[in-house]
Amino acid sequence: MRINQLDLIKYGKFTDETLRFPSAGEDFHVIVGPNEAGKSTIRTAVSELLFGMKLQTPLDFLHSTPELRIGGVLESGTGELAFHRARGRSPLRTPADDKLPDDYLAAVLDGATREFFEQMFGLDHGRLVDGGRSILDASDKLGQVLFESAAGVGSLGPVREELDARSVELWAPRRSGSAFALAETSFNEAVTELKTVQVRTRDWVDRKDAREAVEQQIEQARAEQRRLEALRSKLERVRRLAPYLKELTVKDAALAELGAVVELPPTAYADLLKAQGDLAAEQKVLEERRADLLAKRQARDAIDADADTLALEADIEALDRLRGTCMNHAQDLLLLGADVERHLSAAFAAAGQLGWPTDEASLRASLPTALSLKTVANLLREHGALHQALAGARESLDERTRELAQVQEQQARLLTVDVPEALRAALADAQGFRNSGQREQALEHEIAAAERTLSGALDALGQWCMPVDTLRALDVPSVARLGALLKEDSERASAAAAARDARDGALEELERLELQEKHFAENHKVVTTADVLAARARRDGAWGDIRSGAVDLVTGAPAVDDAIRLADELVDAQLGATQAAATLQSLRQQVESAHAGVARRQAALDERERELMAHRDAWVALAATAAVPGMPLAAMGDWLAKRDTVFAAQADLDRQRREFDTIRAARAGAETALRVALRTVSRGGESDGLAALVAIAETFVQTAEKALAQQDSLEDRAREAERGCATAQLRAGHAQTAYDAWHAQWRDALADAKLSASATTLAAAEGALGLANAVTAELADADAPRNRIAAIRAELAALEAGARRLAEALAPEWLTSGDWPDVARRMTMRLSAAREIARAIERADEAVRQADGKVADAAAAVAGADARVQPLLQLAGVASIDAALPLAERSDRQRQLRQAVDASARGAGARWRRPVPVRRRSGSRGAGHRRRTGAPRSGEAVARRRRQAAERAFTAAGRGRSGVRRDRRPGERGRCRVETAGSAGGDGRCRRTVSGGGHGEPVAEVGDGSLSRPEAGADAQARGRDFRGAYAGRIRAADRRYRTDAARTVCAADERRIGRGRRVERRNA
C-alpha cells in the first residue's frame, strides 16, 4: 500500500488543501514547516484517514465536529482507491459522497490496526521519548531486546532498579527515615549540643553564685506568699457568701407569704392560653362547616332528575340523527321531481326527430338494443380507417411504379472506372507523410532546444565542466559510497558539536561552582584547618624567636600575645563553623572535580576535531583522484545529479536527431512510389510534390469509388422498387375487399338499429346515432331521481313513526302539532336538559360528601384540642381553662421563687466550694498541685430535682407535642401509646401509657439519674416520697379519664391524625 494523495477538505486549520506524494525512484517525502504550520495535523490526518476519526478531537476549532472531512488516494497492487472519510455512522464515502462499506480498506490494510500503524509509521515527540525510556528501562521485551543488542549488556535493568532503590533510600528528603537523613540529623544535633555546652570556667562560677542568691530570695518570697494566701482565702469566703445569704432570706419570706399553691408544669399558663385559642378556632371552624353541609344538602334536595327521558336516551339520540338526515328532504323532493320532468322532455324531443313514439311507455318499448347502437357506432369508426387504407394503398402503388422507372433511367446514364491496387498501396503509404513537413520542422526546433539544454547542463557543472565523453569516463564515487561519506562526515561533525557543547556545559558548571564557593566563603567566614595550622605556625614562630634570642622579650611579647589570641579565636571559630567548613570543603572538591571534567571534555573535543579534519582531508585526496579537485563533499551529490542531467540531455538530443533522419528518408521513398503508380492511370507530373501527388491520387480514387458506390446503390434501389410494386398491388386488393365487406355490414346494422330511414348518408347516420343515444341516456338519468324520491319518503315515514312513539311516552301534547322534525328537536333539547340535571346532582352529591368529611375533621380537631388540655385541667382540679389560668400564674410565681432560692443556695455552695490554691515548696512532691475543699450537697437539691422531673412529665403529657401511636394486637380492643420527651429546660424523662381492655391499671413512670443520691438527707428523702405519692395518684386519675375520653376519641375518630402522630413519634425517636 502507498499513499498517493491526501485531501484535507475540512480538518483542523486546513480547508480544501491537497498534498500529493508522486512516486519516484527515491520514494521519500519530507514535510518541513515552522511551528503551528500543521505537520502534526497531517500525521494525525493520515492515521484517521485509514482507521477512522476519534470521538473526541481537538481539531474542531475551525470546523465543527460533524463537518470534519478528509480524503485520499491509496495505491495497491490492484490499482488506486480514492475515498473520503467523514464523521457519522457511515464514515467511508466516495468523492461523490456515496456510501462505502466499512470493510472497504480491509484488503489494503491487511489486518493492520491503529496502534500498530502509529507505533511503526506515526511516531511523534512523545512516542520517541517513551520509546527511549522503554529501551533504557528495558521494561518490556521489545525495549530489553533493543538495549541488549545495542549495548551488549544483558542485565542492566535489574541493576538499574537496584541502584534507583538505593539512591531513593540514601537521598530521600530530610523528613523521611532514610539512613542518610537520620545520620545527618544526628550529626547536626551533636554539633548544636556541642555549641550549647561549651562554657568558660569563669562564666560558670559567676552564674552559679548568682543562682544560689536568687534561690534564697525565692524561698523567702514563698514563705511570705503562703501567709498572705491563707489570709486572702479566709476573707474571700466571707465576701462571696454574704450576698447569696441575704437573697436567700428574702426569697424564703416571699415563698412563705404565697401560701398553698397547686403546682403545675412550667408551661401550663402558655399551654392553657394556646389551648383556649385552639378550642375557639376549632369550634368556629366546626360551626362553619356544619352550616355549609346543611346548605349543600338543601341545594341537593332541591334538584329533581328526569329519569324517563334518560331511560329513552338511545332512542332520542337515534331520532335526532334521523332528523338531521331528513332536514332538507322537502326541498329535495321538489328538485328531484323537476329533474325527472326535464330528462323525460329531452328524451321525447330526440325521439320525435327520429320518428319514434313520444309517450314514455311506447318509447321504452320501441327503443333499439344497446348492442345494435354499439354496432352502428363501431362501423362508423371503422369506415374512416378502411377508406383511408384503400386510398393509401392505391397511392403507394403509383409511387412505387414511378420510383422503379427513375432508377432504371439512372442506371443507363452511369459510367465506372477501376483503381489499380498498386495505386491504393502507394497512396496509403504517402498519406502518412502528408504532414511530415510540420513534424520535421518541429523536430528541428526540438533538436535546437535539446542542444541548448545540453549546453545549459554543461554550464551548470561549473569549474568542473568537461565534454560528455570525458564525463562518462570519470571514476567518481558511487551514490552509496558518497552517502556513506556524507553520513560519516555528519556523524563526525555532530560528535564534534556534541563535544563542544559538553565542554561549554562543563565550563558553565565550573563557573557556577566557583561563584557558589566564592559567595559561600564571603557569607560564612569559614575557618579551615589550614588557617588554624597557619596561625599556630605563626604563634610557634614568634615564641621560637623569643626563646632563641632573636627577639627580646619586651619587643616580641606583643607579637606572641597577638598570635596566641588569633590562634584561639580561629580555633573557637572553627568549632562553631564545623558544618560551614564541611560545606565549603565539599564545594572546593566539586570545583576541583569540575576542573578535571573541563579538561577531559576539552581533550575529547580536540580528538573529535582531529578526526573530522582527517576525514575531510581524505575526501580532498579522493576528489583530486576523481578529476574533480576542490569539490566540496556536500556539493558532490548535487554535482553528480547535474552530471546525470547532462547525460540525459545528450541522450535526448541523439534520439531526436535519429528520429529526424528516419522521417526524412521514409518521406522520399513514399513520394517516389506514388509518382510511379499515378503514371499507370495517366495522372501527375514530375514537378508535383508529395502533397500535390497525394491530392491527385485521392481525387482519382474517390471518383472511381463514388461511381462504383452509385452503381451498387442504384441496383439495390431497383430491386427494392420491384418488391415495393408487388407489395403495393397486394395491399390495394386487400383494402378493396375489406371496404366491400363493410358496406354489407353497414346496411344490416342500420336496419337492426331502426335508423335506415334517417341514415341516408354517413353524416346523417352519425346524427341519428347521437339522437338515439341521447334518448337512452335521458331515460336512464330520469330513473336515478325517482329512486332517490322513494328513499326520502321512506326516511320521512321512519321519522314520523319514531317521533310519534317518543311523544306518546314523554309528551303526548306534542302529537297535535304534526311537525315531526320539531318534535324530534324538542326531544333532543329535553335530553340535554336531563343530562345537565344529572351532572348537577352528581356535583351536589360530591359536594355533600366533601362537606361531611370536613365536618368530621373539624369535630375530631375539637375533640383532640379538648383532649390535649384535659390532663392539665385535671391536674389543676378545675373544669374550665378560665379557672385554671389564675392557678397557673400562682404556680409560676411559686416556681420562680423556688428557683431563686435554689440559685442562691447553689451560688453560696459554689462560692464555699471554690478551691483556694496553696503553693508548696519547689521540689517537693506535688509541686504546683491544688487542694480543693467543698461542702456536701444538700437534700433540698435532691428533692427539687425530683419535683422538676414530675413537672416535666405532666407538662409533656398535656402538651400538643406528644407523639401518638396506636397499636392493635390480637385479642385487644385497642391500645394507644403516648410518648413524650423531656422538657426543654430539664433532663427528666416521662413515659405515659394508656391501655384498654382490662389489662392492668395505667402506670406513670418518672425517672431521673439523681433520685438515688446517697448523700441526700433523710428530710429531703421524705419530702420526695410524699411529693411522688401525691402526684402518682393524680397521674392515675388523669390516665383513666384520658383513656375513656380523649385517647379513645383521638385513636378512633381520625386515622389521618394517628398517622401524623406515628410520623412525629418516629421523628422524635
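This tour moves through a predicted model, stop by stop, with a selection to make at each one.

**The whole chain**

Begin with the full protein in cartoon view, where the secondary structure comes to 29 helices and nine strands. Of the 1069 residues, 31% are buried, and the accessible surface comes to about 65,600 Å², with 54% of that area belonging to carbon and sulfur atoms. Among the contacts with a separation of 6 or more, 71% are between residues 24 or more positions apart in the protein.

**A nonpolar patch on the surface**

Next, select Phe-28, Val-30 and Val-32 and switch on the surface, since these residues form a nonpolar patch there, with about 400 Å² of accessible area together. Phe-28 is found in the loop that runs between β2 (14-20) and α1 (39-51). Is Phe-28 buried or exposed? Its relative accessible area is 69%, and Phe-28 is therefore classed as exposed, the cut-off for that class being over 50%.

**Salt bridges**

The model holds 40 salt bridges, and a few of them are worth visiting in turn. Side chains of opposite charge can pair when their charged atoms come close.

Select Arg-93 and Asp-97, whose side chains meet in a salt bridge with an N to O distance of 3.1 Å. The two partners differ in their cover, for Arg-93 is buried, at a relative accessible area of 18%, whereas Asp-97 is partly exposed, at 40%.

Move on to Asp-638 and Lys-642, which form a salt bridge whose closest N and O atoms are 3.5 Å apart. Both residues lie in helix α22 (residues 633-679), where they are four residues apart, about one turn of the helix. Here both partners are partly exposed, Asp-638 with a relative accessible area of 44% and Lys-642 with one of 28%.

**Between α18 and α21**

Now select Arg-616 together with Asp-489, since their side chains meet in a salt bridge, 3.2 Å from N to O. This pair links distant parts of the chain, with Arg-616 in helix α21 (residues 578-625) and Asp-489 in helix α18, 127 residues apart. Arg-616 counts as partly exposed at 38% relative accessibility, while Asp-489 counts as buried at 15%.

Add Glu-488, Arg-492, Arg-608 and Glu-611 to the selection, and you will have four residues that are linked in a network of salt bridges.

Then follow helix α18 (residues 479-524) to Glu-517. This residue is buried, with a relative accessible area of 17%. Which residues does Glu-517 touch, leaving aside those up to four places away in sequence? Show Leu-584, Leu-587, Arg-588 and Val-591 as sticks, as these are the residues that Glu-517 touches.

**A helix pair to finish**

For the last stop, select helix α11 (residues 313-325) and helix α24 (residues 762-810), which pack at an angle of about 145° with their axes 10 Å apart. The crossing of α11 and α24 is left-handed. To see the contact from the side of α11, display Asp-315, Ile-316, Leu-319, Leu-322, Arg-323 and Thr-325. The α24 side of the contact is made by Glu-795, Ala-798, Leu-799, Gly-802, Ala-803, Arg-805, Leu-806 and Leu-810.

How values were computed:
Residues numbered from 1 in each chain as written. Predicted model: local features only at pLDDT ≥ 70, side-chain atom pairs only at ≥ 80, totals over all residues. Heavy atoms only, no water. Patch = residues over 30% accessible without salt bridge, like charges linked within 9 Å, V, L, I, M, F, W, Y side chains within 5 Å. Areas by Shrake-Rupley, 256 points an atom, 1.4 Å probe, with all protein chains shown as cover. Helix = DSSP H or I, 4+ residues; strand = E, 2+ residues; numbered from the N terminus. Buried < 20%, exposed > 50% of the residue type's maximum accessible area, 1.4 Å probe, protein only. Axes fitted to C-alpha atoms, helices over the stretch in contact; angles between N-to-C directions. Left-handed = near helix turned anticlockwise from the far one by under 90°. Contact = heavy atoms within 4.5 Å.
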